[in-house]
Amino acid sequence: MDILIMKIGGSIQDKLPESFYKTIAHLQQTKKCYPVIVHGGGPMINDLLKKLDIPTTFINGLRVTTTEVLQVVEMVLSGSINNEIVTQCQIQQLQAIGLSGIDHGLLKVKPVQTTEAIGFVGEVTEVNTAFLMELLENNIIPVISPIGMDEMGQHYNINGDMAASAIAKALGGKLAFISNVPGVMKRKKNELKIYSSLTKGEAEQQIKDEIITDGMIPKVRSAIGSLSIQMKQAVILNGLEPEDIASYLKGNQVGTKFVYKEEAAYV
Ligand SMILES: Nc1ncnc2c1ncn2[C@@H]1O[C@H](COP(=O)(O)OP(=O)(O)OP(=O)(O)O)[C@@H](O)[C@H]1O
Ligand SMILES: [Mg+2]
């Protein structure tokens, strides 16, 4: 049975219909997959920073994270959103446990390398997969807040998409980014085109051409970065269409897919 790593975007978390959690419950109960949930929280973090009058900026879709910003990020992600997702799971009789990357050394990180100063933004170097597997074998769904820690005990903010990608890479299985858009889109005159699949080269070109911007940049890069012989597919799906998840698992075309090709440009 496959592990399905789902990244729930902060863009959609509070708008997810009940049927989303019902779908997860159904997938788990019918042994279609072992679900793992990783979440973001961008809009809620923005709201609280605004209330507290703390300015916030982004570099290539990643939030510049000062000590002050990190405190708010942790409060919102590990405090508020994580608990809310666990609550929604429990309502559907799903056994779920809320964790941050700090718990049980789940996510070890190092600072991301950027040309400009970005503060405490981490990238995952190690995932405690043994602990996650223990939970999954006991039918417990890990709900993971993307905060990590380095060897000195310093906490880091991890982009939710990058955390999900690293966890998926370490566990193997399938990776689905549940967001507030139906996939990677291009506006063409008055029409919206949704790409059914993208290669690494196409995605990078679209970033250059500014068709892919903001939070979609780390998402497509994380999707492509997760691909390997063990992790052959990643997909971006619309959270407002929960049946898309089941449809995707059946092999149907939904959202934007990223597929591993051994000889191709992914490596
Ligand atoms: N080409 C594109 N196609 C679709 N969406 C795009 C594109 N370029 C930029 N975006 C933006 O990317 C957003 C999705 O990324 P965003 O980081 O905001 O959400 P998320 O990852 O689901 O939430 P969070 O970061 O809070 O976890 C879309 O809402 C859209 O505004
Ligand atoms: Mg995002």
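A good place to step in is T199, which is partly exposed, with a relative accessible area of 25%; buried here means under 20% relative accessible area, exposed over 50%, and partly exposed in between, using a 1.4 Å probe and protein chains only. This is a predicted model, where local features need pLDDT of at least 70, side-chain atom pairs count only at pLDDT 80 or more, and totals for chains, interfaces and linings use all residues. Residues are numbered from 1 along each chain as its sequence is written, chains are lettered from A and ligands numbered from 1 in the order in which they are written, and side-chain values use heavy atoms, with hydrogens and water left out.

T199 sits in the loop that runs between β13 (191-194) and α6 (200-208). The names of these elements follow DSSP runs, numbered from the N terminus: helices are H or I with at least four residues, and strands are E with at least two. Although 59 residues separate T199 from F258 along the chain, their C-alpha atoms are 6.6 Å apart. F258 takes us straight to a strand, for it stands in β15, opposite A234.

From here we can look at the sheet itself. Seven strands make up an open sheet with mixed pairing, in the order β5-β8-β2-β1-β11-β14-β15; two strands pair if DSSP finds at least two bridges between them. At the edges are β5 (96-100) and β15 (256-259), each of which pairs on one side only. From one strand to the next, the twist averages 20°; axes are lines fitted to C-alpha atoms, for helices over the stretch in contact, and angles run from 0 to 180 degrees between N-to-C directions.

Let us walk across some of the pairings. Strands of a sheet pair through backbone hydrogen bonds, either parallel or antiparallel. β15 meets β14 (residues 233-238) in the antiparallel sense, over four bridges. β1 and β2, in contrast, run parallel and are joined by seven bridges, with I8 standing opposite H39 in β2. The parallel pair β2 and β8 is joined by two bridges, and here V38 faces I144 in β8.

β2 deserves a pause. Six of its seven residues are buried, so this strand is largely enclosed by the rest of the structure. Together with β1 and helix α1 (residues 18-29), β2 also makes a right-handed β-α-β unit; a crossover is right-handed if, with the strands pointing away from the viewer, the path from the first strand over the helix to the second runs clockwise.

Two further helices meet this part of the sheet. Helix α4 (residues 129-137) lies across β1, β2, β5 and β8, and runs at about 140° to β8. Elsewhere, in helix α8 (residues 243-249), we find S247. With 18% relative accessibility, S247 counts as buried. Beyond its neighbours within four places in sequence, S247 is in contact with N252 and V254, where contact means heavy atoms within 4.5 Å.

Now for the charged side chains. Side chains of opposite charge can pair when their charged atoms come close. The rule used here takes a salt bridge to be a side-chain nitrogen of Lys or Arg within 4 Å of a carboxyl oxygen of Asp or Glu, and by this rule the count comes to six salt bridges. One of them joins the side chains of K7 and D161, at 2.9 Å from N to O. Because K7 lies in strand β1 and D161 in helix α5 (residues 160-171), the pair ties together parts that are 154 residues apart in sequence. Both K7 and D161 are buried.

D161 has another partner, since its side chain also meets that of K219 in a salt bridge (3.1 Å, N to O). With D161 in helix α5 and K219 in helix α7 (residues 216-225), this pair ties together parts 58 residues apart in sequence. The relative accessible area is 3% for D161, which is buried, and K219 is buried too, at 5%. Salt bridges that share partners thus join K7, D161 and K219 into one network.

What is the setting of the salt bridge between E18 and K22? These side chains meet at 2.6 Å, N to O, and both residues lie in helix α1, four residues apart, about one turn of the helix. E18 is partly exposed, with a relative accessible area of 49%, and K22 counts as partly exposed at 42%.
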